[in-house]
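The following exercises introduce a protein chain through its structure. Each task is followed by a solution that proceeds step by step.

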Amino acid sequence: MSDVVDNPFFARLWTVMSTREPESLRRLRRENLAGLSGRVLEVGAGTGTNFEFYPDTVSEVVAVEPEHRLAALAERAAATASVPVTVSTRTVEQFRDGGQFDAVVCSLVLCSVDDPEQVVGQLFSMLRPGGELRYLEHIAGVGARARLQRVADATVWPRLLGNCHTHRHTEETITGAGFRVSGARREWTFPAWVPLPVAEFAIGTAVKPG
């Protein structure tokens, strides 16, 4: 991911999609944030879809969203959130903070970074010992869906959808960075027979050993 993110087509598309998310995905967003507390870093906040779901035990959310059109919408969502939210337009690769976070939230974003191993390793270093990475991400499928994902990733999908790569082994990347994954599972937000490369998601908690 470059230092400057300017993707007007994806920004328009995601703005529409984020207002029409199926309830199955909104339910997963709520679950992914349940029980969080303290200081939270959210990576790839988009239009701020998650902000309404943060519990009041969260003292602060620092939300990173480098696409300036989406960041402007995230700022609006932050203004009405029930917890304090600050939006940064830096990329996650650029982002540096003087302190450590109690939790990091990644929702549909690790598919879009250029170097997932580097980014997850950076997030690991920004968490306090015992801190949690909460993730809700596209995952690599198997069989016919894996073939569909590989074709999509090699052709138009990343160009149209903000560098999204659907066939990534994200949970392996997370454990490879040193996290201990617990409570992970996979969910379908569309029926398994629907020929979409992003119908299946992984949701889980990864802990930085203390």
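**Exercise 1. A salt bridge and its surroundings**

Is Arg29 buried or exposed?

*Solution.* Arg29 has a relative accessibility of 4% and therefore counts as buried; the term buried means under 20% relative accessible area, exposed means over 50%, and partly exposed lies in between, with a 1.4 Å probe and protein chains only. The model is a predicted one, in which local features need pLDDT of at least 70 and side-chain atom pairs count only at pLDDT 80 or more, while totals for chains, interfaces and linings use all residues. Residues are numbered from 1 along each chain as its sequence is written, and side-chain values use heavy atoms, leaving out hydrogens and water.

The next step is to find the partner of Arg29. Its side chain meets that of Glu21 in a salt bridge (2.7 Å, N to O); a salt bridge is a side-chain nitrogen of Lys or Arg within 4 Å of a carboxyl oxygen of Asp or Glu. Glu21 is buried as well, with a relative accessible area of 11%.

**Exercise 2. Salt bridges across the chain**

State how many salt bridges the structure holds, and examine those of Glu31 and Asp102.

*Solution.* The structure holds 14 salt bridges.

1. The side chains of Glu31 and Arg185 meet at 2.5 Å, N to O. Glu31 lies in helix α2 (residues 23–33) and Arg185 in strand β6 (residues 180–188), so this pair ties together parts that are 154 residues apart in sequence. Here helices (H or I, at least four residues) and strands (E, at least two) are DSSP runs, numbered from the N terminus. Glu31 is partly exposed, with a relative accessible area of 35%, and Arg185 is partly exposed at 29% relative accessibility.
2. Asp102 and Arg128 form a salt bridge through their side chains (2.7 Å, N to O). This pair links distant parts of the chain, with Asp102 in strand β4 and Arg128 in strand β5, 26 residues apart. Asp102 counts as partly exposed at 25% relative accessibility, and Arg128 is partly exposed with a relative accessible area of 33%.
3. A network of salt bridges links Glu23, Arg26, Arg30 and Glu52.

**Exercise 3. The sheet**

Give the order of the strands in the open sheet, and identify its edge strands.

*Solution.* The open sheet has 7 strands in the order β3-β2-β1-β4-β5-β7-β6, and the pairing is mixed. Its edge strands are β3 (85–88) and β6, each of which pairs on one side only; two strands pair if DSSP finds at least two bridges between them. From one strand to the next, the twist averages 15°.

At one edge, β6 and β7 run antiparallel and are joined by 7 bridges. Ser182 stands opposite Thr205 in β7. Helix α2 lies across β4, β5, β6 and β7 and runs at about 175° to β5; for such angles, axes are lines fitted to C-alpha atoms, for helices over the stretch in contact, and the angles run from 0 to 180 degrees between N-to-C directions.

**Exercise 4. The nonpolar core**

Determine which elements supply the largest nonpolar core, and follow the contacts of Leu41.

*Solution.* The largest nonpolar core has 25 residues, and those with the most contacts inside it are Leu41, Val43, Val104, Cys106, Leu123 and Phe179. Such a core is a set of buried Ala, Val, Leu, Ile, Met, Phe, Trp, Tyr and Cys residues joined through side-chain atoms within 4.5 Å. At least two residues of this core come from each of β1, β2 (58–64), β4, α4, β5 and β7 (200–207). Helix α4 gives the largest share, 5 residues.

The buried residues of α4 (residues 116–126) include Val119, Leu123 and Met126. They pack against β1 (38–43), β4 (101–107), β5 (127–138) and α7 (170–176).

Leu41 touches, among others, Val62, Phe95, Val104, Leu123 and Met126, where contact means heavy atoms within 4.5 Å.

**Exercise 5. A loop residue**

Where does Phe95 lie, and which residues does Phe95 touch?

*Solution.* Phe95 lies in the loop between β3 and β4. At 2% relative accessibility, Phe95 counts as buried. Its contacts include Leu41, Ser88, Arg90 and Gln122. The C-alpha atoms of Phe95 and Val64 are separated by 7.9 Å, although the two residues are 31 residues apart along the chain.

Definitions and conventions:
Lists of a residue's contacts leave out its neighbours within four places in sequence.
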